Amino acid sequence: MVPEPDTGKVKRSLRVVVAGGGTGGHLFPGIAVANAFMDTNEKNRVLFIGPGRPFEIEALALAGFPQKTLSVEGIKGRRIWDKGRAMAKIPLAISQAMTLLGREGADLVVSVGGYAAGPVGLAAWLKGIPLVVCEQNTLPGITHRMLFPFASRIFVSFEETQGNINPTRKQVSGNPVRADILAAAKTAPGKKNEFIILVLGGSQGAHKINLAVIDALSHLANQADLRFIHQTGETDHERVMDAYTRHGVNSEVRAFFHDMAAQYQKADLVVCRAGATTLAELAVLGKPAILIPYPFAADNHQEHNARLFVENGAARMILEKDLDGPALARKISTLLASPDQLATMGERSRTLGRPDAASFIVKSCYQLVDNLACT
């Protein structure tokens, strides 16, 4: 394993390309790293290269970072003719990426995963630009497994991360978390007279979780001082709102929350998927959770992520095949009745957090670039 970077202030300006995205789980760690580069030196330049989904465009505009897009599609999990079409686009995407890296004068490429990261990572290697990989999950996706041999640094979120990773290039950094989440972790929540459950299904919501909560409400309606904050996604928004009203359960329901740090801070318990970025946020904040892994995630990596938190006493898990209203209500009721157990789960969760992940990665990247400049 490579040595940890020193902690000295670095002033040299760099042109950095963050490659990948497509989902919040890939994009938000990239934004966290980008912000850490800007905190290190305001003259740094950071460009994102990704698939250019509407969600990405909005998030990056809010964060203040430019993005360029590639003509690239995902391959895994698609029909054979769609895979063939996507593979045929790869040479063009690599060529586009090489052109973009050249125009940017990139000093460094940081891959955060997702199918768009592959062509950019390969283009960096072909152009001799240092490539580093930030792997969020315990079980890496196909893109990063492909890029590992070409990377000069491989930052992993967990010591338990699997894969054929050269130990001389590996650093356990944790998964970078956005600055507003870090700030919330340092601020004590205000006093309240209710128990708040935050329900998340990712940026698009989670239909199965939404249905389970609707079904669970009839079993929880008699719980005093219980309140839900629920991110539903667009499709189920009205349906979920109607269910809370029908059962007389206090709630705040939105399709999407742009102020997630504030919502996390209010929560006494979180019901959510087990994406790596969500778990990193829970850990930094020290929040207990009921995890419902998305069963169709690549290589079932969400279940692998969730089991690590369960084994460390930080969470409880319900597999989606076992998920229904009564099962979810039982888990919630058990934890409601066990405040000491909830507190212990929160403490165990916090031990898994790495609030310094983004700054750690940036310092190591500077160390890498400086070392290469001296050879």
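No disulfides were found in a search of the whole structure, which is a predicted model. Two cysteines illustrate this result. Cys134 takes part in no disulfide, and the nearest cysteine sulfur, belonging to Cys365, lies 6.7 Å away. A disulfide is assigned to a pair of cysteine sulfur atoms within 2.5 Å, and the 6.7 Å computed for Cys134 does not meet this cut-off. The side chain of Cys374 is likewise in no disulfide; for Cys374, the nearest cysteine sulfur is that of Cys365, at 16 Å.

The two cysteines were also assessed for solvent accessibility. Cys134 has a relative accessible area of 5% and is therefore classed as buried, the criterion being a value under 20%. Cys374 has a relative accessible area of 70% and is therefore classed as exposed, for which a value over 50% is required.

Helix packing was examined for helix α1, spanning residues 24-40, and helix α2, spanning residues 54-63. The axes of α1 and α2 come within 11 Å and cross at roughly 20°. Because angles under 35 degrees count as roughly parallel, α1 and α2 are described as roughly parallel to each other. The crossing of the two helices is right-handed.

On the α1 side, the contact is formed by Gly24, Leu27, Phe28 and Ile31. On the α2 side, Phe55, Glu56, Ala59, Leu60 and Ala63 contribute. Classified by residue type, the contact of α1 with α2 comprises seven nonpolar residues, one polar residue and one charged residue.

Notes: Residues are numbered from 1 along each chain as its sequence is written. This is a predicted model: local features need pLDDT of at least 70, side-chain atom pairs count only at pLDDT 80 or more; totals for chains, interfaces and linings use all residues. Side-chain values use heavy atoms; hydrogens and water are left out. Buried means under 20% relative accessible area, exposed over 50%, partly exposed in between (1.4 Å probe, protein chains only). Axes are lines fitted to C-alpha atoms, for helices over the stretch in contact, and angles run from 0 to 180 degrees between N-to-C directions. Helices (H or I, at least four residues) and strands (E, at least two) are DSSP runs, numbered from the N terminus. Angles under 35 degrees count as roughly parallel, over 145 as roughly antiparallel, 65 to 115 as roughly perpendicular and the rest as oblique. A crossing is left-handed if the near helix is turned anticlockwise from the far one by less than a right angle, and right-handed if clockwise. Contact means heavy atoms within 4.5 Å. Ala, Val, Leu, Ile, Met, Phe, Trp, Tyr, Cys and Pro count as nonpolar, Asp, Glu, Lys and Arg as charged, and the others, Gly among them, as polar.
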